[in-house]
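Q: Please take a close look at the salt bridges in this structure. I am new to it, so name the partners and say where they sit.

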Amino acid sequence: MASHSAPIARSLFVFSIFYGGMVCIAGVLGNKQVTLGPLSAIGPMFGLGPLAVEAGIFAFLLLVTISSAVAELHGRATANRLVQVGFLPLIASILLSIVVLSVPAASDMDPARRDAFALMMGGTPRIWLGGIIAYGVSQTLNVTLFAMLKGREGSRLLWLRAAVASMLSQIADTLLFVSIAFYGVFPIGELLLGQMLAKVTLSAILVPPIIYALVALGRRLDR
């Protein structure tokens with residue numbers, strides 16, 4: 001008799017597609033710096049300027065909450081595989097960007113639009129390398145911490161487990177990316193502190209409601 005593999009859970013199928021999209025868009029969104037409204041005032045309390053963060057953080061927060069939701073619903077091993085497969089769209093999007101940037105633009109393309117595209121999509125090897133390494137380490141750390149906390153707390157305190165894992169993985173992501181991409185180019189101390197503070201603050205505020213929504217959606221899809 002021919003053997004048939006078990007069908008993939010609907011929640012895992014949906015979350016995997018969503019995860020791949022967020023991996024690709026995070027770097028593009030990161031080209032814009034956004035203020036944090038009233039939260040910006042936290043920066044001066046720590047001797048920094050008003051807090052701002054690259055907009056890619058919002059896609060990254062979805063990445064950590066999706067991987068945490070997958071770990072909650074389908075286990076740590078499955079969540080780690082999701083992170084590993086995420087390298088494919090990340091690296092493919094970088095390679096496609098390099099190819100497209102190297103191809104001459106059409107002669108009738110608006111120069112302002114051409115230059116804006118090159119500015120948005122361009123990057124240095126250090127920036128691309130930093131993004132790949134920071135993604136792999138921070139996402140794996142997020143899944144590992146979330147699973148470890150679940151092992152201690154069971155299914156309780158979902159919001160706290162997700163928030164703590166997200167905060168620590170955000171710190172690792174910032175340390176790795178900024179250090180690899182910009183160390184020696186300009187002083188990075190204030191940038192590191194400001195970004196980590198902003199990302200930890202956003203993680204504390206946004207991750208708890210998002211993780212509950214994703215886990216509830218996943219359970220509904222799997223009924």
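A: Glu-54, Asp-173 and Lys-199 are joined in a network of salt bridges. The model is a predicted one. Within this network, Asp-173 pairs with Lys-199, and their closest N and O atoms are 3.6 Å apart. Asp-173 belongs to helix α8 and Lys-199 to helix α9 (residues 189-221), so this pair ties together parts that are 26 residues apart in sequence. Asp-173 and Lys-199 are both buried.

Glu-72 is a partner in two further pairs, one with Lys-150 and one with Arg-161. In the pair with Lys-150, the closest N and O atoms are 3.6 Å apart. This salt bridge links distant parts of the chain: Lys-150 is in helix α7 (residues 125-153) and Glu-72 in helix α3 (residues 56-74), with their positions 78 residues apart. Lys-150 is partly exposed, at a relative accessible area of 24%. Glu-72 has a relative accessibility of 8%, so Glu-72 counts as buried, the cut-off for buried being under 20%.

In the pair of Arg-161 with Glu-72, the closest N and O atoms are 3.0 Å apart. Arg-161 lies in helix α8 (residues 158-182) and Glu-72 in helix α3, so the salt bridge ties together parts 89 residues apart in sequence. Arg-161 is buried, as is Glu-72.

For the structure as a whole, the count comes to five salt bridges, including Lys-150 with Glu-72, Arg-161 with Glu-72 and Asp-173 with Lys-199.

Methods
Residues are numbered from 1 along each chain as its sequence is written. This is a predicted model: local features need pLDDT of at least 70, side-chain atom pairs count only at pLDDT 80 or more; totals for chains, interfaces and linings use all residues. Side-chain values use heavy atoms; hydrogens and water are left out. A salt bridge is a side-chain nitrogen of Lys or Arg within 4 Å of a carboxyl oxygen of Asp or Glu. Helices (H or I, at least four residues) and strands (E, at least two) are DSSP runs, numbered from the N terminus. Buried means under 20% relative accessible area, exposed over 50%, partly exposed in between (1.4 Å probe, protein chains only).
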